[in-house]
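Student: Could you take me through the strand pairing here at close range, and then show me what surrounds it? I'd like one connected account, please, not a list.

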Amino acid sequence: MAGSSLRSFIKDVRSAKTVAEERAIITKASAKIRTKLRDDHLPQEKRRNNIQKLLYLYVLGEKTHFGQVECINLIASDDFADKRLGYLAATLLLDGTQDLLTLLTNLLNNDLSHPNRYVVSLALTTLGFLSSSELARDLYPDVENILNRSKDPFLVKKALQCVAKLILKDATLLEVFQPLYLVSLLQNRSICTHGVLLSITKVLQSILSSYPQYQNSIKQEDSTADVSGIVTELVPMMPELLTILQNLNTKNFEPEFDIQGTSDPFLQCELLCTLRMFFQVCTSISVSRIDQYVNKFGDLLTQIATNTDGSKNCGQAILYETVRTIFSLNMEQPLRVLGINILGKFLSGKDNNSKYVGLNTLLHVVPQEPAAVQRHRKFISRCLRDPDTSIRKRALELSFAILDEANIKELVEELIEFLKKASEDDKSLIVYTVENLVTAFNVNQSVDQNWKLETLVTVLKLVGPFITAEPVSDILISINNATDSRHRNEVVRDMLKISLDKSRQDEVTEDNVGWRIATIWCIGEYGGAVLQGGQDKVVSESSLSEYLVQQQKLCDKSENKILHYILTATLKLSTHINDPGCIEALRQIVVSHTKDADLMIQTKSVQYEVIFRQPSSVKKVICEAMPKFEKKVEPEVPKNLVTLSRTKSAQQEPPDVLDLLGDDAGTSSGPAKSADSQPQSSPADLLADIFGTDGNGIIDATSNKINAPQTLQIPPESVKVHESASVDCFVRLVSCSMGIAQLELYLKSKESIQNFQTFCAVPKTQKLTLSQIHPSNSLEAGQVARQNLKITGSGKLKLRIKLDFMRHGTNDNQQFDHKFDQTL
Amino acid sequence: MTHIKYFVLASRQGKIRLTKWYYSYAASEKEKILKDLTPLVLSRKAKMCNIVEYSDHKVVYRRYASLYFICGITPEYDNELLTLELIHRYVETMDSYFGNVCELDIIFNFSRAYEILNEMIMCDGSIAESGKAEVLQQVKTMDTMESNDNLDRVLS
């Protein structure tokens with residue numbers, strides 16, 4: 001391969017049979033190029049040859065850093081072929097951050113005033129690609145020179161492109177740039193080819209987009225400075241730009257720029273975009289003369305919207321840009337409706353790309369013109385059935401964006417149709433749909449509740465296999481909260497019929513986990529009500545129990561979640577049926593899990609087993625149907641209350657706690673301590689508040705009742721540390737070693753007290769953690785509450801405790817100290 | 001408006017044939033994009049739209065024979081439909097330059113493919129020249145100058 005050409009190198013790489021072989025060839029060549037380039041006596045032609053190979057390595061994605069200096073050397077050559085290759089290599093291999101750029105500055109400087117226009121153009125192109133802010137400042141005068149001298153459209157075009165980039169790189173160039181140059185250039189028709197016009201728009205875009213930032217930076221130095229002159233001097237270009245755009249859109253003289261009957265869509269779009277930016281910036285700095293052009297621009301947009309042939313992609317591109325302009329400038333309503341209708345036409349067409357951009361844009365403009373978007377609902381729904389996922393996704397998003405109370409029924413029908421056809425590939429879309437459907441139902445409260453329930457059950461049946469636990473519980477909440485319980489029972493009965501009837505088994509597949517969970521849950525909650533409505537061959541005491549037994553057998557280790565549902569349903573169902581055989585079968589389900597490996601399940605089973613043994617009057621109360629569940633609204637209300645009361649107590653607390661330690665020797669100031677203990681006691685309040693106040697609807701009736709009967713006993717080894725008319729206090733030291741002490745505080749009330757709170761303080765060298773008060777912060781006479789304390793640190797173990805509570809409707813507090821024998 | 005972030009040519013087998021970056025990505029980002037792009041685009045079915053969302057931007061692509069022409073675009077500025085026109089214009093220009101262009105032309109003459117691209121798309125990824133004839137003329141003139149140089153060298 002020695003001295004071989006680029007062509008044979010490429011051939012070699014291509015002829016490699018395996019990846020390893022290809023790799024070997026490339027590595028060898030790379031090493032060879034590296035050595036060759038290092039050789040100072042290498043003939044120029046060989047040098048060029050090697051740089052060409054280096055570029056091929058770049059295309060292959062190989063490392064090329066070792067050739068960077070050599071690229072710059074090639075640029076220094078007088079040979080045009082060398083220069084051309086050198087500049088190409090520089091634009092590809094160098095990036096704007098390297099020190100090598102300083103080497104380039106001189107070369108570029110020379111070439112920018114080279115007699116050969118192509119050398120100048122290559123230098124300009126390269127400067128554009130590699131410009132750093134230093135290069136921008138250093139070489140801007142040279143570029144400006146070209147603009148001032150040259151009448152060659154090719155060079156003017158290249159120089160303007162370069163200026164556009166330089167301004168973006170260094171906004172302070174706005175100070176030196178002469179806007180009037182552009183104004184006069186635009187009037188000189190002999191120079192203004194399409195390429196030059198494009199580059200004029202580029203410079204304008206650069207000025208307009210870097211202007212706000214530039215203005216801010218100037219204002220920071222001098223708040224009275226006014227730099228808006230840069231923009232106002234450009235305003236005279238406005239009529240000229242409008243005319244050019246109008247002529248382009250209406251007349252089509254130049255075959256060179258014609259694309260399928262549309263005249264230069266590239267230039268039309270760039271002009272639209274530039275004008276859009278122009279109006280945005282001018283409005284933001286309130287240029288007075290701009291108003292007269294706004295109407296004219298509006299007329300022109302209407303004209304473009306009506307005249308452009310939207311049957312081809314290039315026409316659609318212009319229409320699309322027009323619509324974006326209309327909405328980003330928030331033009332008048334007729335224009336906005338026109339814009340929406342253009343997008344509507346995109347949706348009705350066959351081309352997928354225009355459908356995609358149509359949906360995408362509609363989604364953004366729904367807030368601006370909701371009614372007009374509604375009118376195209378038919379086509380939006382049609383896109384739900386499109387074979388392309390990204391179009392279906394957009395259509396779904398848009399459907400939810402336009403959903404309101406008036407159209408919810410029709411739209412949901414469409415969505416159900418969509419779900420029916422959806423496959424496993426659409427999993428994310430299905431989840432998206434279900435989540436949004438539930439939200440939509442929550443937002444549009446006025447919707448027919450019965451229909452809503454039926455819809456949700458249908459949805460569950462369709463998509464149960466694909467959705468996660470979250471939407472399933474959302475649906476369960478909706479069933480739970482149904483206002484018409486008679487209708488709900490009917491819906492549940494229909495659900496059960498599908499699940500229980502062997503002949504209808506193929507309607508719901510076994511992998512429909514969502515459906516299974518819902519059925520199990522409904523058996524628990526509404527089994528009794530459904531059975532009361534009458535038993536038949538399909539729905540009977542034995543069939544319901546049988547279903548649970550079967551489901552429990554189906555559950556394997558991975559489905560513990562379902563098992564939780566089964567256990568609760570089992571317990572609940574058992575209170576509603578009379579057949580002893582069935583009850584025993586249900587009890588066996590619970591019993592079989594009392595030694596389950598999963599701790600949660602085991603605990604649950606053991607507790608449920610206990611309840612099973614209770615007389616049915618007790619059981620019935622425990623296992624009543626769930627109260628109405630407000631998932632989103634209600635929990636926030638008590639939370640706010642809690643934070644309110646927390647801040648209140650926080651305000652009161654510090655002096656108290658400070659006071660607590662006031663006379664303690666060695667602990668002169670308590671703020672650190674109070675800061676320590678305060679947040680720890682606060683969460684306890686918070687939890688206590690949430691769990692303590694009855695009737696805020698989120699407490700699981702079952703768990704509450706289980707806890708209540710277990711009355712606490714004061715362990716015999718605990719020490720009485722405080723005695724008063726309303727409360728006795730005991731402390732037990734559980735453990736004390738390795739700098740950690742565990743304590744249990746027992747409070748025995750002698751009368752009914754509420755809102756019980758404890759504030760504890762320890763010496764400065766120690767740190768205290770309080771648990772919440774168990775079982776609750778309200779005690780009846782003779783009841784005992786427990787609180788766990790954990791103290792870490794060192795020193796003598798001593799406590800100061802303040803008790804705060806409500807007694808006979810008035811606040812009371814008591815304070816006491818206790819010293820232990822132990823030392824941490 | 002066009003404001004593309006990169007222009008990539010990939011074969012149906014997933015081989016990269018040309019890459020041009022208009023946005024300053026770090027080397028590792030470039031590598032990741034190139035690695036992700038081909039499977040992303042190749043997995044698309046013929047009837048799907050030519051716009052794909054990828055990472056923080058969008059990708060517009062079109063297939064011509066065995067080659068995929070892929071552009072990364074800036075969603076806020078770029079006009080997806082116009083990007084498709086831009087790709088088409090590039091293909092047309094190369095078709096005129098090479099005369100019925102095929103993948104092999106681009107593989108062996110990749111530097112010419114770059115030259116044409118540099119005449120068409122300027123440094124910030126927007127279109128620089130919408131006239132096909134103008135692009136071809138400039139590239140061909142430079143070709144002639146290059147070969148004149150070579151001739152001079154042989155004669156001297």
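Tutor: What follows goes from the sheets to the loops, then to a helix pair and the contact between the chains.

Keep in mind as you look that this is a predicted model. For orientation, chain A has 824 residues, of which 38% are buried. Its secondary structure comes to 35 helices and ten strands. Of the contacts in chain A with a separation of 6 or more, 68% are between residues 24 or more positions apart.

Go to strand 4 of chain A, residues 727-737, and strand 5 of chain A, residues 740-749. These two run antiparallel, joined by ten bridges. If you want a register marker, take V731(A) on one side and L745(A) of strand 5 on the other, since they stand opposite each other. The two strands make a hairpin, with two residues between them. One residue to check in that turn is M738(A), whose phi is positive, about 50°. Most residues other than glycine have a negative phi, so a value like that is worth a look.

Now stay on strand 5 of chain A and look for strand 8 of chain A, residues 784-793. Strand 5 is joined to strand 8 by nine bridges, again in the antiparallel sense. Here the marker is L743(A), which sits opposite L789(A) in strand 8. So strand 5 of chain A has bridges to strand 4 and to strand 8. As you step along any of these, remember that in a regular strand the side chains alternate between the two faces of the sheet.

Next, find the open sheet of three strands in chain A, ordered 6-9-10 and paired antiparallel. Which strands are at its edges? Strand 6 (753-761) and strand 10 (810-823) of chain A are, and because each has a single partner strand, one side of each is left without a neighbour in the sheet. On average, neighbouring strands of this sheet are turned by 20° against each other, ignoring direction. Strand 9 of chain A, residues 796-807, is linked to strand 10 of chain A by eleven antiparallel bridges. You can pick up the register at K796(A), which faces T823(A) in strand 10.

Chain B has a sheet to set beside that one. Five strands make an open, antiparallel sheet in chain B, in the order 2-1-5-4-3. Its edges are strand 2 (16-21) and strand 3 (51-54) of chain B, each pairing on one side only. Here too, the average turn between neighbouring strands is 20°, direction ignored. Inside that order, strand 1 (residues 6-11) of chain B and strand 5 (residues 67-73) of chain B share six bridges and run antiparallel. L9(B) has F69(B) in strand 5 as its bridge partner. In UniProt, an unreviewed entry lists residues 4-145 of chain B as "domain: AP complex mu/sigma subunit". That span is 46% helix and 22% strand, and its end C-alpha atoms are 31 Å apart.

While you're at strand 5 of chain B, look at the loop that joins it to strand 4 (57-64), where A65(B) lies. A65(B) isn't a glycine, yet its phi is positive, about 50°. Is A65(B) buried or exposed? It counts as exposed, because 11 C-beta neighbours lie inside 10 Å and the cut-off for exposed is 12 or fewer. Back in chain A, N330(A) is another non-glycine residue with a positive phi, near 45°. N330(A) sits in the loop between helix 16 (313-328) and helix 17 (333-348) of chain A. With 12 other C-beta atoms within 10 Å, N330(A) is exposed too.

For a helical counterpart, try helix 7 (residues 117-130) and helix 8 (residues 133-149) of chain A, which pack at an angle of about 150° with their axes 12 Å apart. The crossing is left-handed. Helix 7 of chain A contributes V120(A), L124(A), L127(A) and L130(A) to the contact, and helix 8 of chain A brings L135(A), L139(A), V143(A) and I146(A). By class that makes eight nonpolar residues, no polar and no charged ones.

Finally, the two chains meet through 53 residues of chain A and 42 residues of chain B. The chain A side of that contact is mixed by class: 25 nonpolar, 16 polar and twelve charged residues.

Terms used:
Residues are numbered from 1 along each chain as its sequence is written. Chains are lettered from A and ligands numbered from 1 in the order in which they are written. This is a predicted model: local features need pLDDT of at least 70, side-chain atom pairs count only at pLDDT 80 or more; totals for chains, interfaces and linings use all residues. Axes are lines fitted to C-alpha atoms, for helices over the stretch in contact, and angles run from 0 to 180 degrees between N-to-C directions. Helices (H or I, at least four residues) and strands (E, at least two) are DSSP runs, numbered from the N terminus. A crossing is left-handed if the near helix is turned anticlockwise from the far one by less than a right angle, and right-handed if clockwise. Two residues are in contact if their C-beta atoms, placed from the backbone, lie within 7 Å. Ala, Val, Leu, Ile, Met, Phe, Trp, Tyr, Cys and Pro count as nonpolar, Asp, Glu, Lys and Arg as charged, and the others, Gly among them, as polar. UniProt positions are given in the numbering used here, feature names are shortened, and annotations may be inferred rather than shown by experiment. A residue is buried if 20 or more other C-beta atoms lie within 10 Å of its own, exposed if 12 or fewer, and partly exposed in between; C-beta atoms are placed from the backbone. Two strands pair if DSSP finds at least two bridges between them.
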